[in-house]
Amino acid sequence: MTDATATLPSPPTSTKLTRKDFVSDQEVRWCPGCGDYSILAQTQKVMPDFGYPKENIVFISGIGCSGRLPYYMNTYGFHTIHGRAPTLATGLKAARPDLMVWVITGDGDALSIGGNHVLHSMRRNVDIRMVMFNNRIYGLTKGQASPTSELGKRTKSTPAGTIDHPVMPLSFALAAEATMVARSVDTHTDHLQATLERAGRHKGSAFIEVLQNCNIFNDGAWRDFTDREVREDRTLVLRHGEPMIFGKDRDKGIRLSGMRPEVVQLGGDIKEEDLLVHDEQAEDPTLAYLLSRMWWPDFPVPVGVLRAVQRPTHDELLQGQIDDAVRRDGKGDLGELLFAGETWTANEA
Amino acid sequence: MTTEAVRQTEDRVQELERVTIRFAGDSGDGMQLTGTQFTRTSAVFGNDISTLPDYPAEIRAPAGSLPGVSGFQLSFSSSEIHTPGDEPDVLVAMNPAALKTNLGDLPAGGALIVNQDAFTQQNLNKAGYTSHPLTDGSLKPYNVFEIPISTLNARALEGLEMTNKQVDLTKNFFALGIMFWLYERSMDPTLRWIEDKFGAKPVLAEANRRALKAGYAFGETTEIFHTRYVVPPAHLAPGTYRNITGNEATALGFVAASHLAGRDLFYGSYPITPASDILHQLSGYKNFGVRTFQAEDEIAAVGAAIGASYGGAMGMTASSGPGICLKSEAMGLAVMVELPLVVVDVQRAGPSTGMPTKTEQADLLQVLFGRNSDSPMPVVAPATPAECFTYAVEAWRIALKYMTPVVYLSDAFLATGAEPWRVPEVADLPTIGVENHTDKATFWPYARDPDTLARPWAVPGTPGLEHRIGGLEKADVTGNVSYDPDNHHRMQTLRAAKVAGIANDIPDLQVHGPSEGELLVLGWGSTYGAIRSAVERLQADGRSVSHAHLRHLNPFPRNTEEVLRSFHRVLIPEINLGQLLLLIRGRFLIDAVGLDKVRGKPFRITEIEDAAIRVLAGERIP
């Protein structure tokens, strides 16, 4: 396993850009108070860090409130159709491996209409950073249940409560063989910035769930564990190589009991050495999967990088096959190709 | 065969202008391979050829059953031919089921070669025969040759280390050997093929060689054939030829387009009959820079193609009707963002899953109108397998020059049918392509070229041209999102005008025969051969009939209305229930009549001939 933390290709430029260079001239049109503003701001802030000239960065989105983000980034951008952004990103990256490609999506776009494409772009290890805004609701269509809405949730489309069991996005991304899987929160701005930074430096398919608040149709969806007063006790900030400790007083931890995690109080018989140590680079995804299932109130909600491993990317493998073919057969000659096979000649009658 | 042997049989050789053979057997009997080998051999010999493979969608339906019958018809000729023949002169039936399903097409007096060994009681039952067709006198109208092919073949392969089943699988080459002898064909191309295919498996190679040669020798030594036939080479236009199917020509055309335009081809596709062979073929052209992508579904295939085009490559996708349904939303996106894209529809019988291996041309209205709103896309349709090459290049010429998605309509008959293709020199191919826009001072995402109305292609990586596109309505020139009512009307009109304007950039509709008269038979796509043959017969009879064939279905050539109005009547044969007919009537208020046949098969020449005669006589056709 190689180090997953320092894999950015050598920067094509040394010109130092700033956040402002990534702000487009378009007026931002999300509802006042929407969590998307913070995600946009953190995204613009981290962009200069990667060393890519802004013309080599592309934002591709699907449909939903999240889909508008590319309009606000002063890079190349493509606002596509519902659920299909990963497919366009796959084709773009295959044709243009030199570009840095971000996919912006939401819980409905990525996990409902576009679920199949998330699965396949992740397992192919397409070199894209997919940022999924999860607000557990359909916002742009004014408030229907989404695939991450909690069971029994009453919405415009589910007045008696939803009967569809919700999907756990990170469990899904792990099962889909994404090489990087992480979670952050719209209001935890430093953490969000650091997480986007990590995604930007990852080579391969990165799936980032951002818990985002829709203050119009699902206000306070994550409040129970993300509010400032409670977040230290109710979230687990993952750090590679460190024991899983959380709490305002850093006095609680996660220990493995058989095949299940359990929350333990540090002190007395239980020491740091007894706790689970986070290993985002573990070849085996079991630990990451276990983390992806931990949820409030039974557990603190893990935030940060659950998994970051290296595997050859789709565009590398594709280019490799082309290079091999050229090495083996020489660069294709059209005339030879057209006249190949069994030919015969008809002369003047 | 030695020269001496030819001399010995010389008095029994008869020269024919044209022969049509149908090989029919169980889908595990290798009939497609047998037909293909005979076709290649005849092509290399210099005959004009035309083929019609006809196979079931089931890979191996129950052996000996009626649905499991696979057939391959080919016509080879010393003169120019346009169709695989209405009916076979010779039917090779490898089992009772093949006999039962194909005998109806064999005219009285036709030659029937049957594998006697396969006519067991069990096989007769499977085929639903209540009496034995070889003994009950029902085959009296035909010239029947009963040959114990399985037994003779097994004898020829004695001593090879093979199972009985493996031995039996080679009997198709025994039958092929007989046919090679009967029509004076060389075994060499097939022997070379065996060497290429089975070189690494010497026993299988030897078995197939022995089967082929044993069949040939059987023809030579047996007394049952009284005559051999020779079909001399055809007088084709001078040039170098190769035998090619529509799908092969399509794939080559796309590689050529990529070469001509100087951009890499990206081909996103999801497996579907009868389009998959294009994917198989293109995936072997990696050293031409062709990037193939077997997507997770039809939508991903077209999405990835649009993404590739966005990046400056030539993104394209292919499918058949059911897949086109799934792609339609993304095709609309390509219309809105005005990026080049080619969408191939190899049509098959529908609706829904329909008859996947059978031909139809009923997706015309779908590709023209099967998207939300007014969503204009140019449509081209090759008429013959060889023409698939030309129109693959043409589709890309239009897509690049006009920055537009283009539909390329093929069908199962074109895709799998074969004919000789006069191979063009690369230097003679058209110039196609477009430059990327790089100048910041003159850049607006939706500014338009005054002649073509195309918008500029500014690809990611171009400094200073960072901009955003998408499926929301664009403001004219700036490309910003716009809900302005007048702007929307203007953009809808501009998109339509851009596609309509392509009419000024395509050849006029040609008329075969007098440019005015009683009747014009108008066609499009793979009906070309049957229409052309029927019209030529009628013209030879002195009737006032001409033929015109559309290759551009949107827009139509500029002179289309003028051509149509030069005839008293217009007959439009289609393998659908009247789709071009609807367009012609709606567009030009011309009282054309349709001839519709949707049997999953190409038209017979006589069907069109009969309909034309009835229309000329002022009769209604059903």
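Q: How much space lies in the largest cavity?
A: In this predicted model, four cavities of 30 Å³ or more are present. The space in the largest cavity is about 100 Å³.

Q: Which residues lie nearest the centre of the largest cavity?
A: Strand 3 (48–54) and helix 16 (412–416) of chain B each give at least two residues to the lining of this cavity. The lining has 13 residues, and nearest the centre are B:Leu52, B:Pro53, B:Thr357, B:Thr359 and B:Gly600.

Q: Which helix gives the most residues to the largest nonpolar core?
A: The largest nonpolar core has 155 residues, and B:Trp396 and B:Leu580 have the most contacts inside it. With 11 residues, the element of chain B that gives the most to this core is helix 15 (residues 387–402). At least three residues come from each of domain 2 (242–428) and domain 3 (511–616) of chain B. The helix asked for is helix 15 of chain B.

Q: Why is helix 15 of chain B largely enclosed by the rest of the structure?
A: Helix 15 of chain B spans 22 Å from first to last C-alpha, close to the 22 Å expected at 1.5 Å a residue. Buried here means under 20% relative accessible area. The helix is largely enclosed because its buried residues number 14 of 16.

Q: Which residue follows helix 15 of chain B, and what is its phi?
A: Helix 15 of chain B has 16 residues. The residue after the helix has a positive phi, near 45°, and is B:Met403.

Methods
Residues numbered from 1 in each chain as written. Chains lettered and ligands numbered in written order. Predicted model: local features only at pLDDT ≥ 70, side-chain atom pairs only at ≥ 80, totals over all residues. Heavy atoms only, no water. Core = buried A, V, L, I, M, F, W, Y, C linked by side-chain atoms within 4.5 Å. Buried < 20%, exposed > 50% of the residue type's maximum accessible area, 1.4 Å probe, protein only. Helix = DSSP H or I, 4+ residues; strand = E, 2+ residues; numbered from the N terminus. Domains from an automatic or database assignment. Expected span 1.5 Å × (residues − 1). 1 Å grid on protein atoms, 1.4 Å probe; cavity = no way out; pocket = protein on both sides within 12 Å on 5 of 7 lines; lining within 4 Å. Points joined across faces, edges and corners; volume = space filled by probe spheres on them.
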